[in-house]
Structures are given as structure tokens and as C-alpha cells.
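Reader: I'm new to this one, so could you walk me through it? Let me have a look first.

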Amino acid sequence: FHLHNHVLNFGGRLLLTAESPPSRWPLTLADLESRMQATQLARLTPPDDALLAAVLLKLFRDRQINPPPALIEWLLKRMPRSFTAARHIVAEIDGRALAEQRPIGRGLAREALNSVAQRGEDTDTRPPKLSGPPT
């Protein structure tokens, strides 16, 4: 509560991130609750196809790989919708192609998707959850 007031009194802005909106927080201070209810919310959604395709292409090109366009479309239909998954999948495809001296195509991509999923690297890495929002 005091941090919120201090920042605003000096013309600053306060950015909070959470997995749920303030209306679902178990706040016990009425003043803090009313201030949190009055804040603007922004939701971050998974990337759309165009953005995720651009990220995949950049990740491949960073590794000096020019994948067939059809492979990008194929991956988009089968991979998790996260940048973390894209990084792990491209790294796995590159590593397997180099180690096995195989061309990059659907078969290799399928194996990479399965391997990344089995290791649990297809989801975003998040910091540990705190015990709850400040009261």
C-alpha cells in the first residue's frame, strides 16, 4: 500500500505482474483493494501464427539454417504456442541434424518435437510462485 502511494506521489508508475487479476486477489486492506481494482489491466496471450513463424525463422537463421517454408507451417500446427518451446525445438532439430548428418525435414522435426516434449522443455519456464499478493 505504501509503495503504491509513494510511487504515485512522485509521478511514477507501478507495474505489477500476476497470473490472475486483482479482483481475484485475497487483499485485506480496503484502500489497497480499491486502488488495485482501479488499475489498468493488460493480458499477454500466446503468440499468433505470424509472430511464432517469424520467431522460428529467426531462430533457424541464427543457426545459419534456411528451413523449407513448409516446415515452418508444419511446426506451427504441432508445437506449443510459446517462445520457449520454439527455442528448444529449433535447438533440438539443429543438434540432431548435425549429430546424425541428416537433412532438416518433417521426420527430423517430428523426432525433435517428441524429444523436447518428453524432457518437458516445451513449456515456458516461470519463476517460483510467491505465497500470494501483498496485503
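Reader: Which residues make the nonpolar surface patch of about 270 Å²?

Author: Keep in mind that this is a predicted model. A residue needs over 30% relative accessible area to join a patch, and L14, in the loop between helix 1 and helix 2, has 33%. The residues that make the patch are L3, L14 and L16.

Reader: How far apart are the end C-alpha atoms of helix 6?

Author: Helix 6 runs over residues 106–119, which is 14 residues. At 1.5 Å a residue, a span of 20 Å is expected, and the model agrees: the end C-alpha atoms are apart by 20 Å.

Reader: Which helices do the buried residues of helix 6 pack against?

Author: Helix 6 has L108, A109, A112, L113, S115 and V116 as its buried residues. Some of these turn up again around I93, whose contacts beyond four places in sequence include L108, A109 and A112. The packing partners of the buried residues are helix 4 (69–78) and helix 5 (83–100).

Reader: And in the largest nonpolar core, which residues touch the most other members?

Author: That core has 24 residues. Helix 3, helix 4, helix 5 and helix 6 each supply at least two of them. The ones that touch the most other members are L56, F60, L75, M79, A86, I89 and I93.

Reader: What about charges: where do R81 and D49 sit, and how many residues apart are they?

Author: Side chains of opposite charge can pair when their charged atoms come close. Here the side chains of R81 and D49 meet in a salt bridge, at 2.6 Å from N to O. R81 is in the loop between helix 4 and helix 5, while D49 is in helix 3, so the pair links distant parts of the chain, with a separation of 32 residues.

Reader: Is E92 buried or exposed?

Author: E92 forms a salt bridge with R119, with the closest N and O atoms 2.8 Å apart. R119 has a relative accessible area of 43%, so R119 is partly exposed. For E92 the value is 14%, and the cut-off is under 20%, so E92 counts as buried.

Reader: Which residues are linked in a network of salt bridges?

Author: One bridge in the network joins R102 and E111, with the closest N and O atoms 2.8 Å apart. R102 is partly exposed at 28%, and E111 is partly exposed at 32%. The linked residues are E92, R96, E100, R102, E111 and R119.

Note on methods:
Residues numbered from 1 in each chain as written. Predicted model: local features only at pLDDT ≥ 70, side-chain atom pairs only at ≥ 80, totals over all residues. Heavy atoms only, no water. Patch = residues over 30% accessible without salt bridge, like charges linked within 9 Å, V, L, I, M, F, W, Y side chains within 5 Å. Areas by Shrake-Rupley, 256 points an atom, 1.4 Å probe, with all protein chains shown as cover. Salt bridge = Lys/Arg side-chain N within 4 Å of Asp/Glu carboxyl O. Helix = DSSP H or I, 4+ residues; strand = E, 2+ residues; numbered from the N terminus. Buried < 20%, exposed > 50% of the residue type's maximum accessible area, 1.4 Å probe, protein only. Expected span 1.5 Å × (residues − 1). Contact = heavy atoms within 4.5 Å. Core = buried A, V, L, I, M, F, W, Y, C linked by side-chain atoms within 4.5 Å.
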